[in-house]
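Let's take a walk through this one, starting where the ligand is and ending with the cysteines. Keep the viewer open as you read.

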Amino acid sequence: MANPAKRNEPLVTHIYTADPSAHVFEGKLYIYPSHDLDHDKVSNDNGDQYDMEDYHVLSMEDENAPCIDHGEALHLRDIPWAKQQLWAPDAAYKNNTYYLFFPARDHDGIFRIGVATSPSPAGPFTPQPNYIPGSFSIDPAVLVDDDGKSYVYFGGLWGGQLEKWQTGTFQPDAEGPAADEPALGPRVAELNDDMLSFKESPQEISIVDEDGKPILAGDEDRRYFEGPWVHKYNGLYYLSYSTGTTHRIVYAVSDNPKGPYVFKGTILTPVVGWTTHHSIVQFKDKWYLFYHDSSLSGGADNKRCVKFTELHYNDDGTIRTIDPYDN
Ligand code: FUB
């Protein structure tokens, strides 16, 4: 029998896991992580060290129960359009079906977003033959809103290639905006009811400061880098994301799922390892932050482990900053 899960400790230790997207399905916590591999690929700003080949689904009956690994849920070899690098996934439920959204490089080396389906939240998932038409970049996160509309948020700088899509088509040599120009925002697209295609062209989300001025590209403590997540609290939309180079999880709030979002503050201070990536979920009467660090491997950037802790709101709806090592 596996040990009970513990806050701020690796959820599983028999494999490396990262980028946890947590949801409550069928009364349990289901976690959809990346599955990091133990290899010695070159490590660079392009993210070549994140060379993952499959997904495993994890679940917990509650926060004190053992974390179960349901085994391989989808493998690269079964995805006709994908060549390499299964990065951060997310899952959603609609139409009596579970949908796994995931990024991968296609056979031209361009990151796209695919979907796979299953009748069970634990998988296995069957991939669609092609990626979502019009999709690009990485880190899909799906919000099924209370009115039944579904949105996918995505995008990541550097290896995530978002800079290369500023004109709407892929420009292999394009660079990001100058430090005094507005930062690139994540993209959002409403999904069709089939959850397999975009209802519209993706649009850029604007993230602004309290005065309504866009967050600038040089403002690395606040600008968007990768790993978007949108959840609702008291009727407002909370967009949280990684700042990449400054290694924080921060958030911004809006009354519209497509923004503009007003920057609020830091949710998670830097973790061990370069990347930081998270999700936020309500389970019973508590809110939880799922995140990762590289503690299990002693700090290897591409060998990470998924953890969780409780998240608290202040009375004014702001989120209390979490120090992951302050137990
Ligand atoms: O796991 C590969 C990439 O690292 C993810 O897609 C990013 O969000 C970062 O965590």
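A pocket here is an open set of points on a 1 Å grid over the protein atoms alone, with protein on both sides within 12 Å along at least five of seven lines. A molecule sits in one if more than half of its atoms lie within 2 Å of its grid points. By that test, the ligand sits in the second largest pocket.

A quick word on the ground rules: this is a predicted model, where local features need pLDDT of at least 70, side-chain atom pairs count only at pLDDT 80 or more, and totals for chains, interfaces and linings use all residues. Residues are numbered from 1 along each chain as its sequence is written, and side-chain values use heavy atoms, with hydrogens and water left out.

Now look at what surrounds the ligand, counting residues with a heavy atom within 4 Å of it. Among them are Tyr50, Met52, Trp87, Glu226 and His277. The shell divides into four nonpolar, three polar and four charged residues. For polar contacts (pairs of N or O atoms within 3.5 Å), check the side chains of Asp19, with a polar atom 2.5 Å from a ligand oxygen, and Asp139, with an N or O atom also 2.5 Å from a ligand oxygen. Arg304 brings a polar side-chain atom to 2.7 Å from an oxygen of the ligand. The protein covers 99% of the 280 Å² of accessible area that the ligand has on its own (Shrake-Rupley, 1.4 Å probe).

What about disulfides, meaning cysteine sulfur pairs within 2.5 Å? The whole structure has zero. The sulfur of Cys67 is too far for a bond because the closest cysteine sulfur, in Cys305, is 12 Å away. Cys67 counts as buried (under 20% relative accessible area, 1.4 Å probe, protein chains only) at 8%, and Cys305 is buried at 0%.

Notes: Polar contact = N/O pair within 3.5 Å; in protein donor to acceptor, adjacent residues only side chain to side chain. 1 Å grid on protein atoms, 1.4 Å probe; cavity = no way out; pocket = protein on both sides within 12 Å on 5 of 7 lines; lining within 4 Å. Nonpolar A, V, L, I, M, F, W, Y, C, P; charged D, E, K, R; others polar. Disulfide = S-S within 2.5 Å. Buried < 20%, exposed > 50% of the residue type's maximum accessible area, 1.4 Å probe, protein only.
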